[in-house]
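I opened the notebook on this entry to look up a few elements one by one and to write down what I found for each.

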Number of protein chains: 2
Amino acid sequence: MWQAYGIMKLVWLAPMARDFLECMNPIPPTTPEELSQHHPADIADALQRLPLQEGLEWLNALPADRAGRALVEMEDDFREEVISELKLEELVRLVRPLEHHETADLIAELGPDAQQQLMQRLPERDARPVRRLLHYAEDSAGGIMSDRFVTLSMMDSVEACQQRLRHNQQFLSEDISYLYVVDEGQILKGIVSFRDLVFAPPGRQVSEIMRKQVAALRVHDDQEEISRQFAHYHYLGLPVLDDQDRVVGVVRSSDILEIAREEATEDMQLMVGLSGEERALTPWKRSLPRRLPWLLVNLLTAFVAAAVVGMYEGVIAQWTALAVFLPIVAGQGGNAGMQTLTVIIRDMALGEISPGDGRRAIGKELILGIANGMAIGVVVGVVSYLWKGSMTLGWVIFAAMLFNQVAAGLAGVLIPFTLKRLRVDPALASSIFLTTVTDVAGFFFFLYFAALALRWAAPV
Amino acid sequence: MWQAYGIMKLVWLAPMARDFLECMNPIPPTTPEELSQHHPADIADALQRLPLQEGLEWLNALPADRAGRALVEMEDDFREEVISELKLEELVRLVRPLEHHETADLIAELGPDAQQQLMQRLPERDARPVRRLLHYAEDSAGGIMSDRFVTLSMMDSVEACQQRLRHNQQFLSEDISYLYVVDEGQILKGIVSFRDLVFAPPGRQVSEIMRKQVAALRVHDDQEEISRQFAHYHYLGLPVLDDQDRVVGVVRSSDILEIAREEATEDMQLMVGLSGEERALTPWKRSLPRRLPWLLVNLLTAFVAAAVVGMYEGVIAQWTALAVFLPIVAGQGGNAGMQTLTVIIRDMALGEISPGDGRRAIGKELILGIANGMAIGVVVGVVSYLWKGSMTLGWVIFAAMLFNQVAAGLAGVLIPFTLKRLRVDPALASSIFLTTVTDVAGFFFFLYFAALALRWAAPV
C-alpha cells in the first residue's frame with residue numbers, strides 16, 4: 001500500500017506531466033572521427049535517432065568496421081530501412097569486416113536479387129560459410145550461432161594443440177574459453193577448457209583430459225528455449241550440432257542476453273494484441289497494421305458483451321442506477337483477471353510451468369477469487385448502498401462482484417493454458433480474450449441478479 | 001490477421017480446455033542417489049513441487065554440495081520457507097560447500113539471531129568475506145557479484161604470473177577468462193585475458209600486455225542497469241569496484257541472464273498492479289496481499305468513472321440503448337491504450353528510451369489514435385445504426401470512439417513518462433491508471449455527445 005501512497009503524488013503533480021515534453025532532444029554526433037570512438041551499439045543508437053538520409057551519410061563517413069558493427073547493432077525496423085537505401089558498393093564495404101553470422105543476418109534482409117549480387121562480391125572463403133548460415137531460421141540456434149570456434153582432434157597430444165593455438169591466435173576470438181574435441185567426421189566427442197589445455201602435461205592426449213559429458217544445442221532449437229536453458233543451467237557457452245552431430249557453431253551467454261531480454265518482454269506485447277515487434281519510435285505506418293487487427297477482433301468480442309447488456313435493456317430502463325455500476329463490476333473483474341493472467345504467462349515465458357501446475361493454479365485462483373471478491377464486493381456493496389440508498393442494489397453488486405472475481409481468476413489460468421494446448425503462443429492476445437470473459441460474465445451476473453431482485457423488490 | 005484465424009479454433013475446441021487439467025502430475029523423485037545425479041537447478045524444481053516437509057526430507061538426504069546448490073537455485077518464496085524450517089545444523093551443512101556470495105544470499109534471508117548463530121559456525125576464512133558481502137543490497141552489483149576472481153600485480157613478470165596460476169589452479173573457478181591487474185592498493189589498473197597471458201613472452205611485464213581501458217561496475221550499481229549494459233555491450237564479464245576503486249568482485253554474463261529474464265518480465269506484473277514477485281505456485285496467502293491493494297486502489301478510480309456515468313443518468317433513462325454501447329467505447333479505448341503503454345514500458349525496460357523520444361512518441365500516437373479511431377468508429381457506428389436503427393446513435397458512437405482512441409494513445413505515453421519523472425517505476429500499476437483515463441474519457445465523450453444529440457433530435 002505504501003506504493004499506492006507514492007502514486008498519490010500524481011494528483012498534485014499532474015501539471016508537470018507537461019514538462020517531460022520539454023526534455024532535451026537527442027544530442028547530434030559532431031564529427032565522424034568523434035562518433036567512431038564510441039561503441040558500435042552507441043553509434044547505432046545515435047544514428048537511428050537521425051532522419052534516415054542523414055543517418056546514411058554518417059554511416060558512410062565512418063570507418064568500415066565501425067559502420068558495419070553499428071549496422072548489426074541497429075534495431076530491426078531501422079536496419080531494414082537502412083539496408084534497402086544503401087547502394088550495393090556501400091553495403092559490401094560494411095559487410096566485409098563482419099563475422100559470418102552477422103553478415104548472414106544482414107543479407108537475410110535483402111531481396112533474392114540483391115542477396116545474390118552481394119554474395120558475388122564476397123571472397124569465396126566468406127561466401128561459402130555465409131551461404132550455409134543463411135539456411136537456418138533467424139530465431140533458431142543455427143540463426144544465432146557464431147562459426148568462430150576451435151576444434152581439436154581426439155588423437156592430438158596436448159603439446160601439438162598448444163602449438164597450433166599459439167600459431168593461430170590471430171584467428172581466435174578473444175572470449176574463447178572452451179575448445180571442442182571432435183573425431184575425423186567432425187562429430188563432437190568432448191570439450192576441453194582452455195585453462196585445462198594450458199596446464200595439462202604436454203605429453204597427454206586430448207582425449208585423456210577432455211570432459212565427455214557435454215551439453216549441446218541442435219541447429220533447429222528455438223531461441224526462446226535456448227535462452228531458458230542458458231538461464232536455468234547458467235551456461236557460459238554451448239556448441240551447436242547439426243543433424244549429423246557435427247559441431248557447426250557456438251552460442252555464448254553474451255549473445256543470448258539481448259535475445260533473452262527481448263523474448264521475455266515480447267510477451268507483454270503479444271498479450272495486448274500487438275502482432276510483431278514494436279518500439280516507441282517505430283513509424284506509425286508500420287505500427288497501424290500491427291495494432292488495428294486485434295482491436296477489430298476485440299470489437300467483435302465487445303459486441304458479444306454488449307449483446308448481454310442488450311438482453312437486459314428492459315431491466316436498465318426500469319432501474320438506471322444499474323448503468324452506473326455496470327462498468328465497475330466488469331472493470332474490477334478485468335483487472336483481477338489480468339493479474340492472474342500475467343502471473344501465468346510470465347511463468348510460462350520463463351519456462352517455469354510444469355505439468356500439473358495448471359491444476360494447482362486453478363485451486364489457488366479459486367480461493368483468491370473468493371477472497372478478493374468478498375473484500376471488493378463488501379466495499380462496493382456498502383458504497384453503492386450509501387450512494388443510492390438501496391440495500392437491494394448493494395446485495396446485487398456484492399454477489400455479482402464475488403462471482404465475477406472467481407470467473408476472472410479461472411479465466412486467467414484457463415486462457416493461457418488453452419492457447420498453449422492449441423500450440424498458439426499463450427501470450428497471444430490473451431488479455432483481449434480475458435476482458436471478453438470478464439465483461440460478459442460481469443454484465444451477466446450483475447444484470448441477471450438485478451432482474452431477479454426486481455421480481456422481489458421494487459428498486460428504491 | 002492470420003493469427004486471429006488461428007485463434008478462431010478456440011471457439012470450436014473450447015470443450016477440450018478441460019483436458020489440460022488432466023495432464024500428468026509432477027513425477028516424484030525416486031531415490032536420493034538418483035536425484036543427486038541431476039543438475040541442482042532441476043533438483044530445486046523437483047523439490048519445490050513437493051509438500052514442504054517432504055521436500056525438506058529429500059534435501060537432507062542429498063549430499064551437502066548438491067543440496068546446498070539446489071537451495072540456491074530455488075525460487076525465493078519456497079527457499080524462504082525451507083530456510084525457516086531447516087535446523088541450524090542442517091543449514092550449516094548445506095551452506096559450507098557454497099561460494100561466498102551464495103552463502104550471503106541465503107544468510108540474508110535469516111533473522112538477525114539465526115544469522116549470527118550461523119556465522120559463528122562458519123570457518124573464519126569464509127565468515128569474513130560473507131560478512132562483507134552481506135553489506136550490499138540484494139539487487140546491487142555487490143549483491144550479485146562473485147568474489148572468486150584472480151588479480152595480478154602490475155610489476156610481476158608474465159612468467160611469475162603463469163607460475164602462480166599453475167600452482168593455484170584448484171582455486172580458479174572454471175570459467176575464468178579475464179585476470180585483473182591491480183596496484184599495491186588493489187586499485188584496478190587493467191585487464192589481461194587468460195589467453196594473452198598464456199601466449200605472451202615470459203619475460204614481459206604484466207603492465208605491458210594489459211589492456212588499460214576497462215569497463216567496470218560499482219558495488220552500488222542496480223542490477224536492472226547492469227543487465228541493460230551487459231545486453232547493450234555484449235560483455236562476458238565485468239569487474240566490480242568499491243568506493244575506493246578496489247576490485248572486490250566480478251559479475252559474469254551467465255549470472256546476469258537469469259536476472260535479466262526476471263527483471264524484464266517483472267514489469268508485466270507491475271503494470272497490472274502486482275506488488276512483489278509472484279509465481280503460479282506462490283501460495284494464495286502470499287498472493288492476496290500482493291494483489292488486493294491495487295485492486296482496491298482501482299476501485300477508487302472505478303468510482304470516479306462511475307460518477308461520470310452518474311452525471312448522465314438522466315440521459316440514459318431517456319435513451320437506454322446507450323447503456324449497451326457504453327462498455328464498447330470504454331473497452332476499445334482501454335485496449336488501444338494498453339497497446340501503446342506496453343510498447344513504451346517495454347522500451348523503457350530494455351533501456352531504449354532516450355531524451356526526446358517522448359515527444360516523438362506523442363506525435364506518433366496522435367496519428368495512430370486518429371487512424372484507429374476512424375477505422376473502429378466507422379465499424380461501430382455502422383453496426384449500431386443497423387442494430388438500433390438510429391443514425392444519431394451511430395454518429396455519437398463514431399465521435400466518442402475517435403476522441404477516446406486519441407485519449408488512449410496519449411495516456412499510454414503520458415502515464416509511463418510521468419511515473420518515470422516522479423521516480424516511480426513506470427510500470428507500477430500503469431494499466432490501472434490507463435483504464436481509469438480511458439473509462440472516464442470514454443464515458444464522458446459518449447454521454448456528453450449523446451446529451452448534445454438529445455437536444456437536437458429525439459432518439460430512435
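I began in chain B, where I looked up the residue across from B:Pro239 and found that B:Pro239 stands opposite B:Val250 in β6(B). The model is a predicted one, and I kept that in mind for every entry below.

**The sheet in chain B.** I then followed the two strands that hold this pair, and noted that 5 bridges join strand β5 (residues 237–241) of chain B to β6(B), the two running antiparallel. Looking wider, I found an open sheet of 3 strands in chain B, ordered β4-β5-β6, with mixed pairing. At its edges I have β4 (217–218) and β6 (247–252) of chain B, each of which pairs on one side only. I also checked what lies across this sheet: helix α16 (residues 253–271) of chain B lies across β5 and β6 of chain B, and runs at about 65° to β6(B).

**The hairpin in chain B.** I turned next to strand β2 (residues 178–182) of chain B, which is joined by 5 bridges to strand β3 (residues 188–193) of chain B in an antiparallel arrangement. Within this pair I located B:Tyr180 opposite B:Ile191 in β3(B). β2(B) and β3(B) form a hairpin with 5 residues between them, and in the turn I noted B:Gln186, which has a positive phi of about 65°.

**The sheet in chain A.** In chain A, I found 3 strands in an open sheet with the order β4-β5-β6 and mixed pairing. Here β4 (217–218) and β6 (247–252) of chain A stand at the edges with a single partner strand each, so one side of each has no neighbour in the sheet. For β4(A), I recorded 2 bridges to strand β5 (residues 237–241) of chain A, the two strands running parallel, and A:Leu217 has A:Val240 in β5(A) as its bridge partner. Helix α16 (residues 253–271) of chain A lies across β5 and β6 of chain A, at about 65° to β6(A).

**A helix in chain A.** Is helix α8 (residues 100–107) of chain A enclosed by the rest of the structure or open to the outside? I found 7 of its 8 residues buried, so α8(A) is largely enclosed by the rest of the structure. The buried residues are A:His100, A:His101, A:Thr103, A:Ala104, A:Asp105, A:Leu106 and A:Ile107. Looking for what covers them, I listed, among others, α5 (64–73), α6 (76–85), α7 (88–95), α9 (112–121) and α10 (124–133) of chain A.

**Chain A as a whole.** I counted 22 helices and 6 strands in chain A, and noted its division into domain 1 (26–135), domain 2 (151–266) and domain 3 (284–456). The centres of domain 1 and domain 2 of chain A, taken over C-alpha atoms, are 28 Å apart. The C-alpha trace of chain A spans about 95 × 55 × 45 Å along its principal axes. I compared the radius of gyration of chain A, 30 Å, with the value near 23 Å that a compact globule of 460 residues would have. Of the 460 residues in chain A, 48% are buried.

**The contact between the chains.** Last, I looked up where chain A meets chain B, and found that the contact takes 130 residues from each of the two chains. Helix α19 (residues 321–349) of chain A gives the most to the side of chain A that touches chain B, with 18 residues. I divided the residues of that side into 77 nonpolar, 31 polar and 22 charged.

Key:
Residues numbered from 1 in each chain as written. Chains lettered and ligands numbered in written order. Predicted model: local features only at pLDDT ≥ 70, side-chain atom pairs only at ≥ 80, totals over all residues. Pairing = 2+ DSSP bridges. Helix = DSSP H or I, 4+ residues; strand = E, 2+ residues; numbered from the N terminus. Buried ≥ 20, exposed ≤ 12 C-beta atoms within 10 Å, placed from the backbone. Contact = placed C-beta atoms within 7 Å. Axes fitted to C-alpha atoms, helices over the stretch in contact; angles between N-to-C directions. Domains from an automatic or database assignment. Nonpolar A, V, L, I, M, F, W, Y, C, P; charged D, E, K, R; others polar. Rg over C-alpha atoms; globule rule 2.2 N^0.38 Å.
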